[in-house]
Structure formats: C-alpha cells, structure tokens
Amino acid sequence: MRRRQKREASLTDRIEVRVRFSEVDALQIVWHGEYVKYIEDGREAFGKRYGIGYMDMKDEGFAAPIVKLDLDYKLSLTFNEQAIVETRYIPCDAAKIQFDYTVFRKSDNAVVAEASTVQVFTHLDTGILELNNPDFYLKWKEKWNIR
C-alpha cells in the first residue's frame with residue numbers, strides 16, 4: 001500500500017475514538033462512511049484546542065464548509081477497537097483551511113486511513129464566498145506563528 005506524502009503541518013492534534021456497534025456492518029467492520037465522522041471528530045477537537053472551531057467562526061460571521069474531501073482506506077477497524085485520529089493543519093496563503101488526517105489503529109499503530117479536507121470561508125449572512133483571508137483568521141494565524 002502506498003502512503004500519501006506528508007505535507008508540512010504547523011499544528012497537530014490527536015484524539016482517541018472507540019468503534020461503536022452502530023458504526024459497523026454485519027461483519028463488524030467499520031462502514032466506510034464512518035471515517036468521515038472520525039475525521040470530523042478530529043477537526044472539532046483541533047478547533048477546540050486551537051480556538052478555530054465552528055462556533056468561533058460563527059461568532060465572527062463566517063462558516064467554513066468543506067469543498068473537498070479526499071479519503072484513502074488502508075485497513076479495516078472492527079467493533080470496539082480504539083483508533084487515534086491525528087489532525088494536522090496545513091498552512092497556505094489562500095483564503096481556505098486545509099487539514100490532513102491519519103487514522104491509526106491504537107493496538108498496533110497501523111495506519112487504517114489517510115484523508116485531507118479543504119474548507120473555504122463564506123459569509124453567514126449572505127452565503128457569499130470570501131476570497132480574502134478574514135481578519136479573524138489572519139489574527140489566528142499570527143497568534144500561532146503560522147506563515
């Protein structure tokens with residue numbers, strides 16, 4: 001199996017998730033769509049830790065919908081296994097937020113999935129796409145010394 005080339009990350013967060021019964025199929029293997037939820041959990045934990053969560057953006061008058069999701073499945077997780085979701089912020093100059101993710105099986109640290117997302121800024125009141133980095137985002141990047 002080919003691994004993605006790791007991009008340079010400036011901030012990283014890791015969380016643990018347990019595979020619940022409702023997330024597996026009849027073979028007790030995690031249904032592929034659940035991995036999107038796992039990386040969402042990772043992104044929410046990242047936002048909370050670093051002060052760039054969905055509610056932080058909402059308070060500034062913005063939403064940040066996902067416009068691109070790329071997900072590669074490597075191995076399966078099964079019922080009641082523990083996984084680690086690593087979320088890495090990938091800096092760029094454009095008015096967007098990029099994350100890379102790696103989902104590991106906790107028991108042997110095997111990579112079970114790799115993903116990336118791109119989010120853009122839209123104004124909550126109009127839904128119009130923001131083509132420039134919003135002030136709050138520039139201040140956030142400055143706070144964390146992101147270039």
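Is Asp56 buried, partly exposed or exposed? Select this residue to begin the tour of what is a predicted model. Asp56 has a relative accessibility of 34% and is therefore classed as partly exposed.

**First stop: the negative patch**

Colour helix α2, which covers residues 54-59, and Asp56 will be found within that helix. Next, add Asp59, Glu60 and Asp135 to the selection; together with Asp56, these residues make up a negative patch on the surface.

**Second stop: a buried phenylalanine**

Move to helix α1, residues 34-50, and select Phe46, which lies in this helix. Phe46 counts as buried because its relative accessibility is 0%, the cut-off for that class being under 20%.

Which residues does Phe46 touch, leaving aside those up to four places away in sequence? Display Leu11, Thr12, Asp13, Ile52, Thr87, Tyr89, Phe99 and Trp140 around Phe46, for these are its contacts.

A distance may be drawn from here. Met57 is 11 residues apart from Phe46 along the chain, and 14 Å separates the C-alpha atoms of the two residues.

**Third stop: the nonpolar patch**

Turn now to strand β3, which spans residues 66-73, and select Ile66 within it. With 38% relative accessibility, Ile66 is therefore assigned to the partly exposed class.

Which residues accompany Ile66 in a nonpolar patch on the surface? Add Val36, Tyr54 and Leu69 to complete the patch. Shown as a surface, Val36, Tyr54, Ile66 and Leu69 together present about 300 Å² of accessible area.

Conventions:
Residues numbered from 1 in each chain as written. Predicted model: local features only at pLDDT ≥ 70, side-chain atom pairs only at ≥ 80, totals over all residues. Heavy atoms only, no water. Patch = residues over 30% accessible without salt bridge, like charges linked within 9 Å, V, L, I, M, F, W, Y side chains within 5 Å. Areas by Shrake-Rupley, 256 points an atom, 1.4 Å probe, with all protein chains shown as cover. Salt bridge = Lys/Arg side-chain N within 4 Å of Asp/Glu carboxyl O. Lys, Arg positive; Asp, Glu negative; His and termini not counted. Charge placed at Lys NZ, Arg CZ, Asp CG, Glu CD. Helix = DSSP H or I, 4+ residues; strand = E, 2+ residues; numbered from the N terminus. Buried < 20%, exposed > 50% of the residue type's maximum accessible area, 1.4 Å probe, protein only. Contact = heavy atoms within 4.5 Å.
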